[in-house]
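The following exercises are intended for a reader who meets this structure for the first time. Each task is followed by a solution that proceeds step by step.

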Amino acid sequence: MEDQYKIYVVVAVLSIILIGIAAYMFAIERKLTKLEARIDDSNN
Amino acid sequence: MKNNWWKILSILLLLYAIIYGFIVEIPDSNIGDTLRNVFYHVGMWFAMLGVMFTGFVNSLKFLSKGDMYNDLKANQSVLVGVFFGLLGIITGMVWAEFTWGEPWANDPHLNGAAVSLLVYFAYLILRSAIPDEEKRARVSAVYNIFAFVILIVFVGILPRLSNDTLHPGSGDGNPAFGDMDAQMRYVFYPALIGWIMLSQWVLQIRTRSKVIEEFIEEKELNL
């Protein structure tokens, strides 16, 4: 791989990190949705 | 999932900003490749402005309707906004160390940002000093409205009026946008929208978990 293209490796790493964080945030939201459903149940 | 399209859009815009932010041809300038910081560092400030505006709107809503949810959301907005503001200051200091040779150059942009953050720290301290819930909500809503005006003045207006600044992009309109050509703007504007939406997403998560926390605390009081 030529040196001038090596920046793409960094771009790939950053992209994976961003997608990972996004997936993690969606997982956290799913947890919150479950907790909110439990609160709704206990209110009724 | 149908209410989450903007979160996916935010990630797509930021992916675009990461990929093209490193690849796009940038104009020659005296700061070289660090000009690419504009896609990420400036995004922090717009994220902060976005959530602080949400806080401002919620404080106004609280004063007109008295709904405690608006108070809760305004409080969380300030917390998220301070977080992004600190990221903006830290990323700016890293860049300044390598560009100006010192992390803090007593530039109007930097001092304005620091003053605005201190104003919001005072908001958080003010809240913790008032035990009565109703009173705390009302006093901090009024304060938050003033704080947002101060933020706009110190970050948006005063740096532009200053002639004595090192910060890139000064002297021709917006303090952050100056050195960019049309190519860069194709990356810059989507990046800003992506960062603004990402911070709103973080705010939403914080608000939801805080509502759950309040519910649990109320239960514990009634036991």
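## Exercise 1. Chain A on its own

Chain A has 44 residues, of which 0% count as buried. The model examined here is a predicted one.

**Task.** State how many helices and strands chain A has, and give the span of its C-alpha trace along the principal axes.

**Solution.** Step one concerns the secondary structure: chain A has 1 helix and 0 strands. Step two concerns the dimensions: the C-alpha trace of chain A spans about 65 × 10 × 5 Å along its principal axes.

## Exercise 2. The contact between the chains

**Task.** Determine how α1(A) and α1(B) are oriented to each other, and identify which residues of the two helices meet.

**Solution.** Two packed helices are described by the angle between their axes and by the distance between those axes. Here helix α1 of chain A covers residues 7–43 and helix α1 of chain B covers residues 5–23; they pack at an angle of about 165°, and their axes are 9 Å apart. An angle over 145 degrees counts as roughly antiparallel. Therefore α1(A) and α1(B) are roughly antiparallel to each other. The crossing in which α1(A) passes α1(B) is right-handed.

The residues come next. From α1(A), the residues I7(A), V10(A), V11(A), L14(A), S15(A), L18(A) and A22(A) take part, and they meet I11(B), L14(B), L15(B), I18(B), I19(B) and F22(B) of α1(B). Sorted by class, this helix contact has 12 nonpolar residues, 1 polar residue and no charged residues.

The last step widens the view to the chains. Their contact takes 14 residues from chain A and 12 residues from chain B. On the side of chain B that touches chain A, the elements giving two or more residues are α1 and α6 (182–222) of chain B. That side of chain B has 10 nonpolar, 1 polar and 1 charged residues.

## Exercise 3. Two leucines of chain B

**Task.** Decide whether L117(B) is buried or exposed, and then classify L60(B) by its C-beta neighbours.

**Solution.** L117(B) is placed in helix α4 of chain B, residues 108–129. A residue counts as buried if 20 or more other C-beta atoms lie within 10 Å of its own. Because L117(B) has 20 other C-beta atoms within 10 Å, it is buried. Leaving aside residues up to four places away in sequence, L117(B) touches V82(B) and G85(B).

L60(B) belongs to helix α2 of chain B. Because L60(B) has 16 C-beta neighbours inside 10 Å, it counts as partly exposed.

## Exercise 4. Helix packing within chain B

**Task.** Describe the length and buried residues of α4(B), and then the packing of α2(B) with α3(B).

**Solution.** The 22 residues of α4(B) reach 31 Å from the first C-alpha to the last, close to the 32 Å expected at 1.5 Å a residue. Its buried residues include P108(B), H109(B), L110(B), L117(B) and Y123(B). The buried residues of α4(B) pack against α3 (68–99) and α5 (133–161) of chain B.

Helix α2 of chain B, residues 41–65, packs with α3(B) at an angle of about 160°, the axes being 8 Å apart. α2(B) is therefore roughly antiparallel to α3(B). The crossing of α2(B) past α3(B) is left-handed. By class, the contact of α2(B) with α3(B) has 13 nonpolar, 12 polar and 4 charged residues.

Technical notes
Residues are numbered from 1 along each chain as its sequence is written. Chains are lettered from A and ligands numbered from 1 in the order in which they are written. This is a predicted model: local features need pLDDT of at least 70, side-chain atom pairs count only at pLDDT 80 or more; totals for chains, interfaces and linings use all residues. Axes are lines fitted to C-alpha atoms, for helices over the stretch in contact, and angles run from 0 to 180 degrees between N-to-C directions. Helices (H or I, at least four residues) and strands (E, at least two) are DSSP runs, numbered from the N terminus. Angles under 35 degrees count as roughly parallel, over 145 as roughly antiparallel, 65 to 115 as roughly perpendicular and the rest as oblique. A crossing is left-handed if the near helix is turned anticlockwise from the far one by less than a right angle, and right-handed if clockwise. Two residues are in contact if their C-beta atoms, placed from the backbone, lie within 7 Å. Ala, Val, Leu, Ile, Met, Phe, Trp, Tyr, Cys and Pro count as nonpolar, Asp, Glu, Lys and Arg as charged, and the others, Gly among them, as polar. A residue is buried if 20 or more other C-beta atoms lie within 10 Å of its own, exposed if 12 or fewer, and partly exposed in between; C-beta atoms are placed from the backbone. The expected span of a helix is 1.5 Å times one less than its number of residues.
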